[in-house]
Amino acid sequence: MKKEDCIFCRIANGEIPSDTVYEDDCFRVILDLNPANPGHALILPKEHFADITELAEPYLSRVLALAAKIGQAQMKALGCDGFNVVQNNGEAAGQTVRHFHVHVIPRKREETEKIVTWTPHESDPAQQKKIAEAIRAAL
C-alpha cells in the first residue's frame, strides 16, 4: 500500500485533522473516532507498516513504553481504574486498517463485561508439545 492511499499514514502525518493527544518524531497518538470508551486512543507510527511483523526499529522498541505513558495519562486525566493495550494483526485477528496501530482503552472497574476476552480451553499435553516444536522450528 502506498503511503498516500493509507488513511492512518495521512492522519499520522497531519494531512487529516485528528484529536491528537501526543506526537513525537515516530508516532502520533489520536483519539479513536469509534471509541470503546471515552479517551480510547490509537498509537499510529508516522511510517507505514502493515502490521507488527513489518514494524522496524526505532518503532518496535518505543511503542510499548508509549502505550504505558498514554495509559498512565488516561488514568490520571479520566479517573479510570486501568486500561487495555490491544494490537491486532490481520483481518482474522480484527485488524480493520492495514497500518500497524495500538489501541489504549481506558477502563473502569464496573466495565468488566466489555473487556477483550477469550474462552480458556483445556490443553492437550501432546498437542502442546507439537505446537511448541512447530513454532520453535518456524523461528
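Which residue forms a salt bridge with Glu-23, and how far apart are the closest N and O atoms? In this predicted model, the partner of Glu-23 is Arg-28, and the closest N and O atoms of the pair are 3.1 Å apart. The two residues differ in burial class: Glu-23 is partly exposed, with a relative accessibility of 40%, whereas Arg-28 is buried at 11%. The pair belongs to a network of salt bridges that links Glu-23, Arg-28 and Lys-46.

The protein chain contains 3 helices and 5 strands. Along the sequence these elements follow the pattern α-β-β-β-α-β-β-α. Taken along the principal axes, the C-alpha atoms fill a box of roughly 50 × 40 × 25 Å. The chain has 139 residues, of which 35% are buried. Its accessible surface comes to about 9100 Å², and carbon and sulfur atoms account for 55% of that area. Among contacts with a separation of 6 or more, 52% are between residues 24 or more positions apart.

In soluble globular proteins, nonpolar side chains tend to be buried together. The largest nonpolar core in the model comprises 15 residues, and the members that touch the most other members are Phe-27 and Ile-43. Two or more residues are given to this core by each of β2 (27–31), β3 (41–45), α2 (59–78) and β5 (102–107). The greatest contribution is that of α2, with 5 residues. A second, separate core has 8 residues, including Phe-8, Cys-9, Ile-11 and Leu-44.

The surroundings of Ile-43 were examined with neighbours within four places in sequence left aside. On this basis, Ile-43 is in contact with Phe-27, Arg-28 and Val-29, with Val-63, Leu-66 and Ala-67, and with Phe-100, His-101, Val-102 and Val-104. Arg-28, one of these contacts of Ile-43, is also the salt-bridge partner of Glu-23.

Ile-30 is located in strand β2. With a relative accessible area of 5%, Ile-30 falls under the 20% limit and is therefore classed as buried. Apart from residues up to four places away in sequence, Ile-30 touches Ile-11, Ser-18, Asp-19, Thr-20, His-40, Ala-41, Leu-42 and Leu-44. Two of these contacts, Ile-11 and Leu-44, are members of the second core. His-40 is also among the residues touched by Ile-30; the two residues are 10 apart along the chain, and their C-alpha atoms are separated by 8.6 Å.

A polar side chain is likewise found at a buried position in strand β4 (residues 82–86), which contains Asn-84. The relative accessibility of Asn-84 is 17%, so this residue counts as buried under the 20% limit. The side chains of Asn-84 and Arg-107 are joined by a polar contact of 2.5 Å. Beyond four places in sequence, Asn-84 touches Arg-107 together with His-103, Val-104, Ile-105 and Ile-115. Val-104 is thus listed for Asn-84 and also for Ile-43.

The total number of salt bridges is 7. In addition to the pair formed by Glu-23 and Arg-28, Arg-98 and Asp-51 meet through their side chains, with an N to O distance of 3.4 Å. This pair links distant parts of the chain, 47 residues apart: Arg-98 lies in the loop between β4 and β5, and Asp-51 in the loop between β3 and α2. Arg-98 is partly exposed at 37% relative accessible area, while Asp-51 is buried at 10%. A further salt bridge is formed by Arg-10 and Glu-15, whose closest N and O atoms are 3.6 Å apart. Arg-10 is partly exposed, with a relative accessible area of 33%.

The loop between β3 and α2 also contains Pro-58. The peptide bond that joins Glu-57 and Pro-58 is cis, with omega of about 5°.

On the surface, Ile-131, Ile-135 and Leu-139 make a nonpolar patch of about 350 Å². Ile-135 belongs to helix α3 (residues 125–138). The relative accessible area of Ile-135 is 52%, and this residue is therefore classed as exposed, the limit being over 50%.

Methods
Residues numbered from 1 in each chain as written. Predicted model: local features only at pLDDT ≥ 70, side-chain atom pairs only at ≥ 80, totals over all residues. Heavy atoms only, no water. Core = buried A, V, L, I, M, F, W, Y, C linked by side-chain atoms within 4.5 Å. Buried < 20%, exposed > 50% of the residue type's maximum accessible area, 1.4 Å probe, protein only. Helix = DSSP H or I, 4+ residues; strand = E, 2+ residues; numbered from the N terminus. Contact = heavy atoms within 4.5 Å. Polar contact = N/O pair within 3.5 Å; in protein donor to acceptor, adjacent residues only side chain to side chain. Patch = residues over 30% accessible without salt bridge, like charges linked within 9 Å, V, L, I, M, F, W, Y side chains within 5 Å. Areas by Shrake-Rupley, 256 points an atom, 1.4 Å probe, with all protein chains shown as cover. Salt bridge = Lys/Arg side-chain N within 4 Å of Asp/Glu carboxyl O.
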